[in-house]
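Hi everyone, thanks for making time. I'd like to walk you through a structure that's new to most of us, so let's get it up on the screen.

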Amino acid sequence: MLSEQFKVRFCETDGLAHVSNTVLVQWFESAREPIFRMFTPELDLKNWPLILASYKVDFLKQIFYGQLVDVHTYVSRIGNSAFDVYQEVWQNQQKCATGLTTLVSFDYELQKAKPINDEIKTLLLSHQISL
């Protein structure tokens, strides 16, 4: 498991005094940075090796301002060129949301998916969880 902690900022709350639904997608992306580094350690945007294919977020409980959140990140599926990242948001020892993102190893010059190399697959496997 990879884990990242965020302080809920005031600007991330909405008129109902809880975290806006759009914020979780940003937290999930930030918490995927260690996975991005497996593909490009320097996070070189000129040679970015991934493309986002889909994401889904499930909201389980409200998340509130003034308290920390922990985002747990796992790999839930590894294919030839695509893989799924499963994430959870926790606040006060309660699971508040989950997310599932599909990323594809991608060659932007050729505009097509490319296989994930064995070295990176091994790294991804070290964070795998069964759902």
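Let's start with a bit of empty space: the largest cavity holds about 30 Å³. Keep in mind that what you're looking at is a predicted model. When the whole structure is searched, one cavity of 30 Å³ or more turns up.

So what lines the largest cavity? You've got Val25, Phe28 and Arg32, then Tyr55, Lys56 and Val57, and finally Gly99, Leu100 and Thr101. If you sort that lining by class, five residues are nonpolar, two are polar and two are charged. As for where they sit, α1, β2 (50–59) and β5 each give at least two residues to the lining.

Let's stick with β5 for a moment. Is this strand mostly covered or mostly open? Mostly covered: of its 14 residues, 10 are buried.

Now its partners. β2 and β5 run antiparallel, with nine bridges joining them. Two names from the cavity lining come back here, Lys56 and Leu100: lysine 56 has leucine 100 in β5 as its bridge partner.

Next up is β4, residues 82–91, which is also antiparallel to β5 and is joined to it by 10 bridges. One pair to look for is tryptophan 90 with its bridge partner in β5, lysine 95. β4 and β5 make a hairpin with two residues between the strands, and asparagine 92 there takes a positive phi near 55°.

Then there's β6, residues 112–113, antiparallel to β5 and joined to it by two bridges. Here phenylalanine 106 stands opposite alanine 113 of β6. That's a hairpin too, with four residues between the strands, and glutamine 111 in the turn has a positive phi of about 55°.

Okay, on to the nonpolar core. In soluble globular proteins, nonpolar side chains tend to be buried together. In this model the largest nonpolar core has 15 residues, and the ones touching the most other members are Val19, Leu24, Trp27, Ile63, Val69, Val71 and Val89. α1 (21–31), β3 (68–78) and β5 (94–107) each supply at least two residues of this core. The largest share comes from α1, with five residues.

Which residues does leucine 24 touch, leaving aside those up to four places away in sequence? Val19, Val57, Phe59, Ile63, Val89 and Ala97. And there's a second, separate core of 13 residues, with Ile35, Phe36, Leu50 and Phe83 among them.

That's my tour, so over to you.

Terms used: Residues numbered from 1 in each chain as written. Predicted model: local features only at pLDDT ≥ 70, side-chain atom pairs only at ≥ 80, totals over all residues. Heavy atoms only, no water. Core = buried A, V, L, I, M, F, W, Y, C linked by side-chain atoms within 4.5 Å. Buried < 20%, exposed > 50% of the residue type's maximum accessible area, 1.4 Å probe, protein only. Contact = heavy atoms within 4.5 Å. 1 Å grid on protein atoms, 1.4 Å probe; cavity = no way out; pocket = protein on both sides within 12 Å on 5 of 7 lines; lining within 4 Å. Points joined across faces, edges and corners; volume = space filled by probe spheres on them. Nonpolar A, V, L, I, M, F, W, Y, C, P; charged D, E, K, R; others polar. Pairing = 2+ DSSP bridges.
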